[in-house]
Amino acid sequence: MLTFISFWRAAAVVLNDLGSSAFYAGGIAEEAVGKAAPWFILGVMLFSFAVRAVYVESCSMFTRGGVYRVVKEALGGTFAKLSVSALMFDYILTGPISGVSAGQYITGLMNELMVQGAQHGWLPAALVHGQTAWQFPVDETSAVFCAIVTVYYWWQNIKGIEESSDKALEVMKITTIMVVLLLGWGIVTAVLRHSPLPPFPVPSNLHFSSDALGFLSGTKLAGALGLFGILMAFGHSVLAMSGEETLAQVNREIEHPKLKNLKRAAIVIAIYSFVFTGIVSLLAVMIIPDSVRVPLYRDNLIAGLAMYMVGPLTLKIIFRVFVVIVGFLILSGAVNTSLIGSTGVLMRVAEDGVLTDWFRKPHHKYGTSYRIVNLVTALQLFTIIVSRGNVITLGEAYAFGVIWSFTFNSLAMLVLRWKFKGERGWKVPINLKFGKTEFPVGLFSVFLVLLTTAIVNLFTKSVATESGIAFAATFFVIFSISEQKNLKKQAATAAQMKEHFQLEHPEAIDRDALEISPGAMLVTMRDSGNPFALKWALSRTNTDEQDVVVMTVRMMGAGGPEIVDEQPFSEHEQMLFTKAVSVAESFGKHISLLVVPAGDIFAALVQTASKLEASALVSGLSTKMSAQEQAYRVGQAWEALPEPKRQFTFYVVMPDGEAQAFHIGPHAPQLQAEDVQLVHRLWLNFRRDPEMQGLHHSDIVTYALTRLASEYARDKVETVKELRRYTQDDGTPTGSVYEVRDRSRRGEGYSIPGLF
């Protein structure tokens, strides 16, 4: 169930993924390109501002954004499947590299404590060999730890994690404390020691390892072409901006106003990641001695930074323990984010008919997409076993999915600039206009940098190229075969994207069953192609203060079959609520869903509104009845309700966004100006009599109504005839319904209670 979140919480969710790279990106980059690596990390973090802008533009066009949706709209299904295959490689590796990195920090701390214990005689003799303490095997121990964390989050996702944004926000609060201490203490240390800056990022200062040269190993190309060497170094640092796709995934949960909050979240993420990942990588090279930085602290760089600050050893060890705790929280959180993100991507692909419905079947108890979670977890555990906990191997492979998913996304957005001419909520700057033609200079520049880096990485990252292409090709084949099966099985509905829902069956419908407050707005929905009533309601409702319930009626004929718990969710209901979910996501507002079986639609609507203590009932205009006729039928159903009966307002929304309001139940009539004037003139005339000085306007109305009732009791036929003549027999429905003549213009797992 979607719970819409603030931009701070959205930023926290993304930073749990993106911020995790600060713990390992610097060490991996320096292993590849040498001591100048921090400058390239800083360059990547600056460039991530531009890449994030591309994602903001794509999210402004598609609420359910992400690489798959954007690429399919621009380049078609084949490219979309290729792009999502590369993206899945990114997500599958996010969990293992984050979990293994967390294991590296914990194992490094345990080994450090073992060394200190041996030096001070705290360890038993069995754990000391000569003067050397026994050490945990780093890679293997990290792999075991990563596997345990992955299995834990697998089970959490099977059950369904609640309030994940709350947890992410708490983790980022603790991380921020660590970052402030780390930067403050690190800058003081660098100033006191007069630590020099790392070598500047020029070709002469680049020293590539043999693994970093990839397929170019043994050639002079990297050294001969300075710019090519710079691109190689940039490509080896690009994994520092991983996690951008998480922004597109979390966009659907950002609250209203969605685009404004999305841009705020993007700015928070950009500044935080630049300061954390970029500056910390710079300080690590400045403070940690060359002799131990890469050999000893390559895989837990921030822990090494903590140990080489100025100050007493005890204080540094305490701070290192704090760093490890924070590292465990954010890195293990990234494992969870990778599971959630990859599940979201595959659900999006499945909705589009690329994966069979078998993958999307909800868990019988928890209602989660457990088969997709199982698939992702199995692939992650396989990756952990194959890599044996080696961070460098995982990092090299990880960069493949990162850069190619970015490249496909930017290419698609570039194509959409010419293919889609409609209004956008936001555009990547810089855009030059010549006549009627607009040239997206900024977007094209971003794409050019990404494409160049991706091509260079193909030749310099042999592990990434081989494993990435094999993985992407496998997924592409699976997607293609599955899509063909779906097309044959459901040719008529393959193009329709549908959510899967799980029906709950309470004995009765009330506010407790839906977990809503009194005064909710009940919206009827019967046509997935025209959700204008829901859009009208959401545009005028703050769902933090007033609940919105979307309801459809399942018509049950007399003498029909009994309803049982196993009754399937109908295709029509599935399409209705898929659309309802999509509309709610686009507004960034929460809704509840409700299915009610009934023999009479109007009776069901009124009874449900009464039981939910709703203040308003909203419906679209019927194709068979006028708004007045709909209101009259609702009024008749209301009159048939047993006491006590609650009054509410019935809104009929037209296709053009206009709405007519009708008060249901006894209410003060809306008098025309001339009626009020008539009452006032009568009051003035009567007040001329000295004995009528205590007369009130209401007395005149009461007297007129009492006299009308008396005449009706004496001669019903003549009274009705006179009243009909007065109203000119226009056939306007009367009774408990009164039309208010003012009109106003319009501005991916739900659990649905069903009254069975």
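**Note on the predicted model**

1. V441 is partly exposed, with a relative accessible area of 34%; buried means under 20%, exposed over 50%, and partly exposed in between (1.4 Å probe, protein chains only). V441 belongs to helix α18, residues 441-460. Helices (H or I, at least four residues) and strands (E, at least two) are DSSP runs, numbered from the N terminus.

2. This is a predicted model, in which local features need pLDDT of at least 70 and side-chain atom pairs count only at pLDDT 80 or more, while totals for chains, interfaces and linings use all residues. Residues are numbered from 1 along each chain as its sequence is written, and side-chain values use heavy atoms, with hydrogens and water left out.

3. The chain has 27 helices and 13 strands. Of its 756 residues, 51% count as buried. About 34,300 Å² of the chain is exposed, and carbon and sulfur atoms supply 61% of that area.

4. V441 also helps to make a nonpolar surface patch of about 590 Å², together with W418, I430, L432, F434 and F439. Such a patch joins nonpolar side chains (Val, Leu, Ile, Met, Phe, Trp, Tyr) within 5 Å, using residues with over 30% relative accessible area and no salt bridge.

5. I430, a member of this patch, follows P429 through a cis peptide bond with omega about 15 degrees. I430 lies in the loop between α17 (391-419) and β3 (432-434). A second cis bond runs from H256 to P257, with omega near -5 degrees, and P257 is in the loop between α11 (244-250) and α12 (258-287). Most peptide bonds are trans, and most residues other than glycine have a negative phi.

6. H194 is not a glycine, yet its phi is positive, about 55 degrees. It sits in the loop between α7 (164-193) and α8 (210-213) and is exposed at 69% relative accessibility. R388 has a positive phi near 55 degrees, lies in the loop between α16 (370-387) and α17, and is exposed at 62%.

7. The structure holds 24 aromatic pairs, meaning rings of Phe, Tyr and Trp (its six-membered ring) with centres within 6.5 Å. F89, F400, F471, F475 and F479 form one aromatic cluster. The charged end of K645 sits over the ring of W638, 4.2 Å from its centre; the rule asks for NZ of Lys or CZ of Arg within 6 Å of the ring centre and within 35 degrees of the ring normal.

8. The disulfide count is zero, a disulfide being a pair of cysteine sulfur atoms within 2.5 Å. C59 is buried at 5% relative accessible area, and C146 is buried at 0%.

Methods:
Rings of Phe, Tyr and Trp (its six-membered ring) pair if their centres lie within 6.5 Å; planes under 30 degrees apart count as stacked, over 60 as edge-to-face and the rest as tilted. Patches are made of residues with over 30% relative accessible area and no salt bridge: like charges are joined within 9 Å, nonpolar side chains (Val, Leu, Ile, Met, Phe, Trp, Tyr) within 5 Å. Accessible areas come from the Shrake-Rupley method with a 1.4 Å probe; for residues, only the protein chains shown count as cover. A salt bridge is a side-chain nitrogen of Lys or Arg within 4 Å of a carboxyl oxygen of Asp or Glu.
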